[in-house]
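Subject: Structure for your review

Dear colleague,

Please find below the structure that I am handing over to you. The findings follow directly after it, and I would ask you to read them with the structure open.

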Amino acid sequence: MNGKVILVSAGPGDGGLLTLRGKQALERAEVVVYDRLVGAEVMEMIPDSAEKINVGKTSGHHPIPQHEINRILCEQAQKGKSVVRLKGGDSYLFGRGGEECEELIAHGIDFEVVPGVTSAIAAPAYAGIPVTHRDCASSVHIITGHKKKDGVLHLDYEALVRVGGTLVFLMSVTSAPEILNGLMDAGMSGDMPAAMVENGTRPQQKKLISTVAQLAEDRQGIKSPAILIVGRVCALPEQLDWYSRRPLRGVRIAVTRPKERAGTLTARLRELGAEVISYPCIRTERIAPNPELTAVLYDLSAYQWLVLTSPAGADALFDALFECGLDARALAQLKIAVIGAGTAKQLRKYGICADFMPETYDSTHLAAGLCLLAREGERMLLLRAEEASMELTAALNAGGIAYDDIPLYRTIYRSENSEELEERLEDGTVDYVTFTSASTVKAFAASLPGTDFSSVTGVCIGRQTEAEAKQYGIHTILAKNADLTSMIEAIQEDRKNGTA
Ligand code: SAH
C-alpha cells in the first residue's frame, strides 16, 4: 500500500512562521525530505524518529537533480511511509512544488499541499516594509531573478515599470545590477527607493535601504538567500522596523539544556531577537543487549528491593521489561526506592508508586534511608548508569547491606552539532552559553574536548554552576535569582555594559 506525501511549506526561517497544519504534518512524519532553505528552527521540530533526507541545492550547482528528488519521494511513499516534503517559504512559489506533485500523480501517489508564509512578503515585513500601502503601492509583483541556462534574464521591464506596483525579486543577489539597470532603461527614476533583505525573519537578518541607482554599489556583502524590493514602500518610516529594535538582536547564544527541557528558555531568547543554537550536549543511551539485566528481570526472586536513581533509569528499565515481554507486574514483589521526585514521577507513568524517597534528593540520603529500612537478609537490586557514583554503594557496604549493581544505560557527552559548535567557538561566533546546573557545565566541556572556551561567556544560574564554569576557563556572568528570567536579565545587563 502506498504512503502519502505532504508538501509542507516551512516558511522563511522563523519557526513561528510555520503553519499549524505544517507542524502537525511534521510531527507525524516518518520521512522528511528537505531543502537548504528550511530554517534551523523548523528543522528542530522534526521528530527524532523521522528519517531526514537532505536534497538541498546550493545556488549555482544542483547536488541532487530534480528527477532524483522526484524519485526519492515516490520511492519513500511506495514503501508505505508518510513522507513530508519540506520546502522553504511557500512551496508553490518558485519552489517547483507543482512539478513534484505532477510526478506523484503520475505514480498514483496520494498527496496534500500545505501552503505557507513566503519570504517574498515576510522578509520585507520583518524589515519594516509592507509590500503594499494605500499611499504608495496598489499592487505587488513577485518575480524571479534567476537566469535561464542561456545566461539571460527574460524580463519585460517596460511592463514592470508601467504597472507601478511594488516589485519583489527572488533569487536576485547576482542579477540585481542587471535588473536595476533594466528598470532604469525602461524609464524608472534612479531615485526610486529599493531595498535588499538577507536571511529575512532569521536572527542573522540584514537589510539595506537604498535607491535603484545606488543599490548595485551599496549591496556589497549581501549574500543569498536575499530578496530585492523596488518601490516607494521601501522608504516608509524607519519606525516600521520593529525587528531590528529587539533587545537581543544579533546576540548568539548556545542553550545547553536537553531538547525536552530547553523549550521555554529557547523561545524567550528567540522572542528577544537572539540567535539560539540548541546544544543538548548530554543524552543517555540504554545498554542493549544487556544479558545480565535480562537474566535478572526474568527472575527477580533473589531481591526484596529495587533502587532507581534517575528518570532515565526508570525509562530504560521499562524498555527492557517490555522487550522481554514483561511489564510492571514483574516488579510486584519488590519494594521500590527512588532517589528523588523526578524518578518517582517517571515511575508513576508506568503505574508504580515508589515506597521510599529520601527528603534530600541525593545518594547519601538515599543510602541512609535504605540502611534504616532494610531488614536482615534482604538483598537490593540497583539499576543505574554505567558511570554511576560510588557514594551509594560505599554507604550500602558500610551498612552491611547486600546488593547487585547492574548498569542500565550510559551517558553520552556529544551532540549532533558538536562539530559545528566547536568551529563557532573557535571563530568567536558564539557570544553566550547558558548553564542551568554544574552538571551541564561538565557535560558541555566533556562534549567539546580540547576546545578553547575563552571567546564565550557562560551565563550561570547559580554560584555552584559558576564555580564549575570557571574551572574550565569560561568567563562567567551570574543570574541574580536562580531562575531562567534572571539568566535572561543577566544577558541583557551584560549587553548594556558592553562587555560581551
Ligand atoms: N518558495 C520560496 C522561494 C524559493 S526561491 C518562498 O516562498 O520564499 C529561493 C529564493 O527565495 C532565494 O534566492 C531568496 O531570494 C528567497 N528567500 C528564501 N528565504 C529567504 C529569506 N529567509 N530571506 C530572504 N530571501 C529568502
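Five strands make up an open sheet, and their pairing is parallel. Read across the sheet, the order is β12-β11-β18-β19-β20. Please keep in mind that this is a predicted model. In general terms, the strands of a sheet pair through backbone hydrogen bonds, in either a parallel or an antiparallel manner.

The edges of the sheet are held by β12 (275-278) and β20 (475-478). Each of these two has a single partner strand, so one side of each is left without a neighbour in the sheet. From one strand to the next, the twist averages 30°.

One pairing can be followed in detail. Strand β11 (residues 252-255) runs parallel to strand β18 (residues 432-435), and three bridges join the pair. Within this pairing, Val-255 stands opposite Thr-434 of β18.

The next topic is empty space inside the protein. Rolling a probe the size of a water molecule over the atoms reveals where such space is left. How many cavities of 30 Å³ or more does a search of the whole structure find? The search finds one. The largest cavity holds about 30 Å³ of space.

The lining of the largest cavity consists of Val-5, Leu-7, Leu-73, Arg-85, Glu-100, Cys-101, Leu-104, Phe-111 and Glu-112. Two or more of the lining residues come from each of β1 (4-9), α4 (97-106) and β5 (110-114). The largest share, three residues, is supplied by α4. Sorted by class, the lining has six nonpolar and three charged residues, with no polar ones.

Finally, I turn to the cysteines. A search of the whole structure finds zero disulfides. Cys-101, which also lines the largest cavity, is in no disulfide, and the nearest cysteine sulfur, that of Cys-74, is 11 Å away. Cys-101 is buried, with a relative accessible area of 4%.

Why does Cys-281 form no bond with the closest cysteine sulfur, in Cys-460? The two sulfurs are 13 Å apart, which is too far for a bond, because a disulfide requires cysteine sulfur atoms within 2.5 Å. Cys-281 also counts as buried, at 0% relative accessibility.

Yours sincerely,

A colleague

Key
Residues are numbered from 1 along each chain as its sequence is written. This is a predicted model: local features need pLDDT of at least 70, side-chain atom pairs count only at pLDDT 80 or more; totals for chains, interfaces and linings use all residues. Side-chain values use heavy atoms; hydrogens and water are left out. Buried means under 20% relative accessible area, exposed over 50%, partly exposed in between (1.4 Å probe, protein chains only). On a 1 Å grid over the protein atoms alone, a cavity is a set of points where a 1.4 Å probe fits but cannot get out, and a pocket is an open set with protein on both sides within 12 Å along at least five of seven lines; lining residues have an atom within 4 Å of a point. Grid points are joined across faces, edges and corners, and a volume is the space filled by probe spheres set on the points. Helices (H or I, at least four residues) and strands (E, at least two) are DSSP runs, numbered from the N terminus. Ala, Val, Leu, Ile, Met, Phe, Trp, Tyr, Cys and Pro count as nonpolar, Asp, Glu, Lys and Arg as charged, and the others, Gly among them, as polar. Two strands pair if DSSP finds at least two bridges between them. Axes are lines fitted to C-alpha atoms, for helices over the stretch in contact, and angles run from 0 to 180 degrees between N-to-C directions.
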